[in-house]
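Student: I would like a close look at one part of this model. Please pick a strand, describe its surroundings, and then go on to other packing in the chain.

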Amino acid sequence: MVSEIEEFADDIERFVRTGSTIEGAIARYLRLNIPAEKLEEARILYERRVGRIRTLVSPPAIVSPDRRVDGWYGGPRESDVFWPHLHSVLVNGLDDEAMVSVDEASTRITGLLTSPGSTRIRTRGLVLGYVQSGKTTSFMSVIAKAADAGYRVFIVLSGMTDNLRSQTQDRLESSLVKGLEDRWFRLTTLEDDFQSPDNAAFLLGAPGNRLLAVVKKNPHRLRRLLEWLQSAGSVIEDCPVLIVDDEADQASIDVGSGGRRSQINQLIREILDLPKVAYVAYSATPFANLLIDPNDDVDLFPRDFIVDLPRPAAYFGPERLFGRQSLDEDDEEVLGLDVVRPIPEVEVAAVRPPAGRGAADGWSPDFPDSLTDALCWFLLATAARRVRGRGNPHSSMLIHTSMLSSAHEAMAEPVRTNLASLGASLETPEVRAFLKDLWEDEASRVSAAELGETPVSFMELWERLPEVVASTEVVVDNYLSDARLSYDRDNPTTVVVIGGNTLSRGLTLEGLVSSYFVRTAKAYDTVLQMGRWFGYRNHYQDLPRVWMTDELQEWFRDLAFVEEEIRREIARFELSGSSEPRDLRVPIRSHPLMAITSAAKMRAAVPVRASFGDQRRQTILFDHLDKLWLDRNIEAAATLVSSAEQAGATFHAQAPSGRRLLTGVPAACILTFLDKYKFHPGASDVRGDVMSSYIRRQNSYNALQEWSVAIIEGGSGVEFTLSSPSGRWNGLRMVNRSRTAEPQAYANIKALVSRRDRLADVPLSAEEIAERLRSHPRAVPRITPELEEVVYRAIRNETMGSRGLVCLYPINPNSQPGGPAGRTTKAAPAVRTSRQEKEERVPLGAAAPVMGVALFFPTAEGPDPEVSYVIAPPLADVDGQLGDVYAQMADEVRLADRRDEERSAAQGDVSD
């Protein structure tokens, strides 16, 4: 039973939601002679509620100062209508852990909105998800809670295609609206986009109304929506609106030219300029969103909050499917599942249409062996899923070989022919033997049991195979198609879908088990969004397969690294606790063959030189077979310790970290070392000349004048001597660092340092450092790598000030895999993977001991700390001087992008 104090607290929250203050709400009750002590208890209870929402630590969020202070939303209440109803729908498809995560995240996002009762609402937020990871579930939950809190109009901007808009409409109707039809007024339907219903003032003016629209990002539709909202006159001034921009990096970003804004961006801005509109962008590929100019107050930069949704445990994303190299020595390399199959280049040519205007007209594709395998696997996997009889009833295959509509129709004919031929010859011994071999080979490569799935024998699925073949449809989905892809709610749909752009973003292909993909792209966001095979695979985790080129597979693996790097940077920024979204400068790693996003979307970004401040630089590439090269680097290290001793540096036989250490090393010794040591030319982020230039500039600000030099020893059991007159560096225990098995002329050890190496010269014991970690308020529920980075950086800056640190790592030339720091994987499950064969560790096999080096820099001093080349968002205080290399690169990217656009136009590529 709700107590009287809880009722008063509920009323205080209700008044605050409608625009009152806490004091104003209490004053109302004082006039009714309610005892002041009871109202004080109610106030404390209310403030505890909103304080709990405000201090939620999951999911991570970067929040503007006013959002950290103000609080109006205390979470769901017993009297709520929309969230309890949605919750009852979601619990049928989500496990307990996922449901808690969705609930917490949506509560936090709702609490970061502006109170619906405020006289002015101008919220700008960004929510980061993963491709096909449940962003729709997240924003549906936010809509439901905001509807309970008093927001009245909900507009979902849903992509640029009709089928994506309809799919989103269907999701919202079946989850949010169904069962509460009397509470929702739908401004759009499955069939119809926004049509300007009559009497806007009446619909918008009724406090009990909740209006829902799912609108395609199309100038005509958005202009009609804007005019309809404006037609309500003064009524709109008191009507809180929440806009959810799904796929917010597509179309919403300003890409106008000649000083004119692009139409969609301009129309969104005009809608947001209405008196009470909150805008929350959702994106799984937020590169463009993070590059919007934060100094432009009227653009879509998320100035109020950025929320990073956690990656669900059951999610299959780039990292799990393709693997990811380690970010540092403490971060184990991730190996992908063995689900990717190569398409030979000669077969790519057989399914990819010729380039040039009209060249694809009349083109007839071949049907190579790899496509036969992919089609047969689709039928086998679908039959196996029917044997299991659990999970999503639909089953899909994706064929994406071109963005040209004419090529899709050309590809459909041989697919239908081969499907019919397969059905007619299913009972022949040759076909049966082929299918049996294919099933048993694939089933052995990804273990169903180790992924928690029920193993299916060939005999079991064989009985279901004829019905699968008979029920399979072939559908072409593009902007010219009459019959678009759709899934029957009442009957299982088994479909091979052939398409291009309409299938490459946002759209969910239900039960996708086979993907045949040769379409190329040149931008991070485009490549990631094309991965329709990402998502949840309940009851068929072992069955998805992807056929693609080796190059594209490597690109996805590279992007898994870039994505993790960005999210860790955001998490570290959030953990600092004192910064806001405007201060966020995420350095986005560039790629030699891909652009980050289209040049038009990066127009506000500048190629800047990112600071070495608080950074670590390590050597991971070595000419391991060049004995002279290796010997010279050992000589450079010996010269460093000898010159430091001669310069009066203090020797510590055993520092608190347990290492041999020199402190008080002059910067001149470090500069000489950087000049002598030979960094591998392929390691662009550890160039001696660039780091020396940075150190000299910092010296002019009275920083980095003094250094420490530590020798990091290991447990290889092999001793090494670094020659010096003092003899203090005899009997060093070399570290173990194996290399990858990639057939290269140099050795790649992937990671050299451990996070704790940053503290090699810090005069604190291991227990004191551990206590700092444990006592951090964010150490619960667990200590994350990001938290370690934040705490270790803070400890170093507090105790060592502007002193730099050089760590030397004598590496055993015969380092073996599996030894200390020679581990190979954090494999998805313990099954053999194709990535294991390519990424397997092998003995280092160096011609001589290898000298690894890491440099740890303190916080930068002075106004001009930029040195290494990265692409970052614009900084309000940057002086505009760009590195020549990046200025040229930016020009090349823009030129390439323009050529791509012209080529697409010439080939007739038109999207919805």
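Tutor: This is a predicted model, and strand 14 is a good place to begin. Strand 14 covers residues 512-517 and is mostly covered, with six of its six residues buried. Strands of a sheet pair through backbone hydrogen bonds, and they do so in either a parallel or an antiparallel way. Strand 14 has a parallel neighbour in strand 11 (residues 395-400), and five bridges join the two. Strand 14 is also joined by three bridges to strand 16 (residues 545-548), and this pair runs parallel as well. Tyr 516 of strand 14 shows both links. Ile 399 stands opposite Tyr 516, while in strand 16 the bridge partner of Tyr 516 is Trp 547.

Another part of the chain holds an open sheet of six strands. Its order is 18-29-27-22-21-20, and its pairing is mixed. Strand 18 (616-618) and strand 20 (650-652) stand at the edges; each has a single partner strand, so one side of each is left without a neighbour in the sheet. From one strand to the next, the twist averages 15°. For the edge strand 20, the link is to strand 21 (residues 660-666): three bridges join them, and the two run antiparallel. Within this pairing, His 652 stands opposite Leu 661 in strand 21. A helix also lies against this sheet. Helix 22 (residues 667-676) packs on the sheet and touches strand 21, strand 22 (706-711), strand 27 (804-811) and strand 29 (850-856). The direction of helix 22 makes about 105° with that of strand 21.

Packing of helix on helix can be followed in a similar way. Helix 10 (residues 219-230) and helix 11 (residues 263-272) pack at an angle of about 15°, and their axes are 10 Å apart. Since angles under 35 degrees count as roughly parallel, that angle makes helix 10 roughly parallel to helix 11. The crossing of helix 10 and helix 11 is left-handed. On the side of helix 10, the contact is made by Pro 219, Leu 222, Arg 223, Leu 225, Leu 226 and Leu 229. Helix 11 contributes Gln 263, Ile 264, Leu 267, Ile 268, Glu 270 and Ile 271. Taken by type, the residues of this contact divide into nine nonpolar, one polar and two charged.

Terms used: Residues are numbered from 1 along each chain as its sequence is written. This is a predicted model: local features need pLDDT of at least 70, side-chain atom pairs count only at pLDDT 80 or more; totals for chains, interfaces and linings use all residues. Side-chain values use heavy atoms; hydrogens and water are left out. Axes are lines fitted to C-alpha atoms, for helices over the stretch in contact, and angles run from 0 to 180 degrees between N-to-C directions. Helices (H or I, at least four residues) and strands (E, at least two) are DSSP runs, numbered from the N terminus. Angles under 35 degrees count as roughly parallel, over 145 as roughly antiparallel, 65 to 115 as roughly perpendicular and the rest as oblique. A crossing is left-handed if the near helix is turned anticlockwise from the far one by less than a right angle, and right-handed if clockwise. Contact means heavy atoms within 4.5 Å. Ala, Val, Leu, Ile, Met, Phe, Trp, Tyr, Cys and Pro count as nonpolar, Asp, Glu, Lys and Arg as charged, and the others, Gly among them, as polar. Buried means under 20% relative accessible area, exposed over 50%, partly exposed in between (1.4 Å probe, protein chains only). Two strands pair if DSSP finds at least two bridges between them.
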